[in-house]
Amino acid sequence: LEIDRFAVLGYSRGGLYALACAALVPDRITAVGTLSAAGPPDMPGGFIRSMPTRYGRLSVTLATRAPRLAGSLTGAMRRAGLRDPSVIPRRFEALLTAPADREILRTAGTDFAVRALLEATRQGPYETVGEQRTMLQPPGFRLEDVTLAVTLWHGEQDSLIPISHSKELARRLPTAKVVTLTNVGHLHKPEAIVEIALRWCASPRSRRQLTALRLTEPFAGGA
């Protein structure tokens, strides 16, 4: 892409990827932030226990202890969704129990949930499970090595990755602050994402590009 320097914002599990950029190639990073970020694998009390929903705990447990079974179940969900898209929103609702998330799921509609799941499993169910397994593996860098200033945005209602994850990251990062998003869960409305990015990016060029950006779907996954 021939992009020498860039800002990086990591969402959910992607938060640690953004922090990895800041730790390993800091001279190329103009700004770094996370949104609803998953914490380190050695969360106090255990990563899996820190997840509020039973479905979330079960998903990560299966991915780490029975990956073949987890892959088969993920593949079956994909096939079932292709046959009957109405089954996919129920999976999202089991993971995202916060009122704010339920409202976004309701307004975004079934098509959004279907596209999100199909995109997540586009390279195959076992690749998706492999990504889940990394949540309990060492990230490959030390959080203490991130010397750049980091802003961690997190919804106070997040029932998938609770705000305690961002607070733990902030505790370990040398220069970081947590911004609590009131009445927000794990999902984020398009206009909210643009507003966060506008406040965060220092580059006038980036701000002009973001102002012209028209997102049409909630922020629901990925780095």
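In which sense do strand E2 and strand E3 pair, and over how many bridges? The model shown here is a predicted one. In this model, E2, made of residues 29-35, pairs with E3 in the parallel sense, and the two share 4 bridges. One position to look for is Gly33, which stands opposite Thr151 in E3.

E3 itself covers residues 150-155, and it also pairs with strand E4, residues 176-181. This pairing is parallel too and runs over 6 bridges. Two positions help to locate it: His154 has Thr180 of E4 as its bridge partner, and Gly155 stands opposite Leu181 in E4. Between E3 and E4 the chain passes through helix H8, residues 164-172. This β-α-β crossover is right-handed.

The next point is the surroundings of E3. A residue counts as buried when its relative accessible area is under 20%. By that cut-off, 6 of the 6 residues of E3 are buried, so the strand is largely enclosed by the rest of the structure. The burial holds for both faces of E3. On one side are Val150, Leu152 and His154, and on the other are Thr151, Trp153 and Gly155, all of them buried. Thr151, the residue opposite Gly33, is therefore part of a strand that is largely enclosed.

Key
Residues are numbered from 1 along each chain as its sequence is written. This is a predicted model: local features need pLDDT of at least 70, side-chain atom pairs count only at pLDDT 80 or more; totals for chains, interfaces and linings use all residues. Side-chain values use heavy atoms; hydrogens and water are left out. Two strands pair if DSSP finds at least two bridges between them. A crossover is right-handed if, with the strands pointing away from the viewer, the path from the first strand over the helix to the second runs clockwise. Buried means under 20% relative accessible area, exposed over 50%, partly exposed in between (1.4 Å probe, protein chains only).
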